[in-house]
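Trainee: Could you take one part of this protein and walk me through it closely? I would like to see how a single residue sits in its surroundings, and then the wider picture.

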Amino acid sequence: MSRYKRIFLFILDGCGCGEQPDYREYHSCRSNTLGDLFKTPVKFSLPKLESLGLSQLLGLGRNSDTAIHAKLQEISKGNDTFAGVWEMIGEPFLRRFATREKGFNLSKLRVLEKTMESKLVGNEYISGYKALDKYYAKHVELAAPIVYFSDDGVILFAGHTKIMSAIELNRLGAHLARLLKNSDYARVITRPFSGKPGAFKRIEKSRKDFIINKSTPKLFKSLSRHGISIRMTEHLHHLFGNPKDVSVLRSGQDNRALMSSVIHDLRRERKGFFMYVFQDTDNYGHKKNITGFQKTLRGFDKWLGFFMREMLRTDLLMVTADHGCNPTLRKIRGHNREFVPLLVYSPRLQTGKNLGVRNTFADIGQTIAYNFKVHPTMRGAHFHEIF
């Protein structure tokens, strides 16, 4: 049977499905983001995702008749979207990024400020909205960006739009990323924001990610050389270092708008690899908003049924996640080290099968390479059951 003309990869941000054996290297308690959402007092179901194998992966009692499904284990020494998606396309990070819970040392800070010709306010390991509230007054006084830190080598770079434009903030963020080349930091994320203290609001459409020590993924180079088109959301494009020869889906900063754009791609593009990340779930996970997380997943599940009805027999869909972000765990600030689900569907598949636990997210990239007959990725094994 011929291989697939189009592969669609949907990433549900923060939707892990059970703690990995190495979770204590990242946080203190067990976590099963999707599993815990099904255990809340409010009745919760995801009929379409469950029919694709999620029910079986979570032990909910329903088997899938038409989809290949598995749990994927992360081998990257990171616990965020950046590490997750690079591993998916075959290039895991086997060295841990900066995990120290502090900012730049004083001498480093002074060098950066002098080179960038800008003061830096904050310089603390702290959660986002707390940083904005704590350092806003100093930010206004000095007209300087707020810099703060998260896990996995992430540097956040924030500025109020009335103090500095998003364009200027992003210019400085890109400069900072260049200055940190060869360091153990992974990326700089800019955080333009508006509003008043206690009610600040991030402006997600103007956010940028600047990666520090990576170039274009080898899989993308191979696909481009063989004339295979690649299309992805803008956020992913930034995480992959803004690779050339990749079309960017710029619309859709929330799930609802993105869904409309994905359907447009489904109806217009006739071949290629399509990669989209649905971020709303992760946002609700960080806010510890269980209701918002569940509502967002229900909306995605309903839309997914519509998407699948429009798929062709020459299409392949893979639905997965990048990490956990459990809204039911109040004492964990950030992401959770979890297995992620993999649900694989095509109208041509006739039977379902549980592949158990796979060794790496990179099996996704290897399957893409195998399907399009390009050079194999560095890691992973393809899912032969779908061919």
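Mentor: Start with the contacts of one residue. Setting aside neighbours within four places in sequence, A131 is in contact with I126, Y136, I146 and Y148. Keep in mind that this is a predicted model.

Now place the residue. A131 belongs to helix 5, which covers residues 128-142. Is A131 buried or exposed? Its relative accessible area is 0%. The cut-off for buried is under 20%, so A131 counts as buried.

Next, look at a residue that A131 does not sit beside. A131 and G90 are 41 residues apart in sequence. In space, their C-alpha atoms are 35 Å apart.

Move on to a strand. Strand 2 takes in residues 68-72, and it is mostly covered. Of its five residues, four are buried.

Which strands does strand 2 pair with? One is strand 13, residues 340-345. Five bridges join strand 2 and strand 13, and the two run antiparallel. Pick out one bridge here: H69 has L343 of strand 13 as its partner.

Strand 14 is another partner, made of residues 353-358. Four bridges join strand 14 to strand 2, and these two run parallel. Find L72 and look across: R358 in strand 14 stands opposite. So follow strand 2 with your eye and you meet an antiparallel pairing with strand 13 and a parallel pairing with strand 14.

Now step back to the whole chain. The protein has twelve helices and 14 strands. Helix 5, with A131, is one of those helices.

How much of the protein is buried? Buried residues make up 59% of the 387 residues. A131 is one example of a buried residue.

Contacts tell you about the fold too. Take the contacts with a separation of 6 or more. Residues 24 or more positions apart account for 70% of them.

Then check the overall dimensions. Along its principal axes, the C-alpha trace spans about 65 × 50 × 35 Å. A compact globule of 387 residues would have a radius of gyration near 21 Å. The protein has 21 Å, which agrees.

Finish at the surface and the charges. The protein exposes about 16,700 Å², and carbon and sulfur atoms supply 50% of that area. There are 62 positive and 37 negative charges. The mean positions of the two sets are 2 Å apart.

Terms used:
Residues numbered from 1 in each chain as written. Predicted model: local features only at pLDDT ≥ 70, side-chain atom pairs only at ≥ 80, totals over all residues. Heavy atoms only, no water. Rg over C-alpha atoms; globule rule 2.2 N^0.38 Å. Buried < 20%, exposed > 50% of the residue type's maximum accessible area, 1.4 Å probe, protein only. Contact = heavy atoms within 4.5 Å. Areas by Shrake-Rupley, 256 points an atom, 1.4 Å probe, with all protein chains shown as cover. Lys, Arg positive; Asp, Glu negative; His and termini not counted. Charge placed at Lys NZ, Arg CZ, Asp CG, Glu CD. Pairing = 2+ DSSP bridges.
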